[in-house]
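I opened this notebook to record what I looked up in one structure. The entries follow the order in which I consulted it.

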Amino acid sequence: QVQLVESGGGLVQAGGSLRLSCAASRSIFSVNAMGWYRQAPGKQRELVAAITSGGSTNYADSVKGRFTISRDNAKNTVYLQMNSLKPEDTAVYYCAVRFHSDSSFGSWGQGTQVTVSS
């Protein structure tokens, strides 16, 4: 098991930037992948970005070219750099871990609120 703690959310104007951090309670070096999800009011939780142990990344179409996921294994931390933010990016952002390639993302953190004003 691993505990995840997200931070870095806040209120920002459209076009602005934020960097979210996800600190893990133990090493994430060997896990299959880390991911960032978000959930807006009244909507289902959606995968925003993921990064594998090998460094491969994938993004939701809605954030491609604007968001960048990265990981620092030495710090057991995953980041989400969010640029050119839009009001529709407003949501609670969650970090999650996928231990194996055939498992689901889990071990959810408490989330961090991102609010983008127009």
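Entry 1, the disulfide. I took a disulfide to be a pair of cysteine sulfur atoms within 2.5 Å. The model I consulted is a predicted one. By that rule I found one disulfide. It joins Cys22 to Cys95, with an S to S distance of 2.1 Å. Cys22 belongs to strand β3 and Cys95 to strand β9, so I noted a link between distant parts of the chain, 73 residues apart. The link of Cys22 and Cys95 is left-handed, with -80° about the S-S bond. I then asked whether Cys22 is buried or exposed. Cys22 is buried, at 1% relative accessibility, and Cys95 is buried at 0%.

Entry 2, the cores. The largest nonpolar core holds 29 residues, and I listed those that touch the most other members: Met34, Trp36, Phe67, Ile69, Leu80, Met82 and Tyr93. Among the elements that give two or more residues to this core are β3 (18-24), β4 (33-39) and β9 (91-98). I also recorded a second, separate core of five residues, including Ala33, Tyr37, Ala50 and Ala96.

Entry 3, Arg66. I located Arg66 in the loop between β6 (57-59) and β7. Arg66 is buried, because its relative accessible area of 10% falls under the 20% cut-off. Which side chain makes a polar contact with the side chain of Arg66? I found that of Asp89, at 2.8 Å. A polar atom of the Arg66 side chain also lies 2.8 Å from the backbone oxygen of Ser62. Leaving aside residues up to four places away in sequence, Arg66 touches Met82 and Asp89, among others.

Key:
Residues numbered from 1 in each chain as written. Predicted model: local features only at pLDDT ≥ 70, side-chain atom pairs only at ≥ 80, totals over all residues. Heavy atoms only, no water. Core = buried A, V, L, I, M, F, W, Y, C linked by side-chain atoms within 4.5 Å. Buried < 20%, exposed > 50% of the residue type's maximum accessible area, 1.4 Å probe, protein only. Helix = DSSP H or I, 4+ residues; strand = E, 2+ residues; numbered from the N terminus. Polar contact = N/O pair within 3.5 Å; in protein donor to acceptor, adjacent residues only side chain to side chain. Contact = heavy atoms within 4.5 Å.
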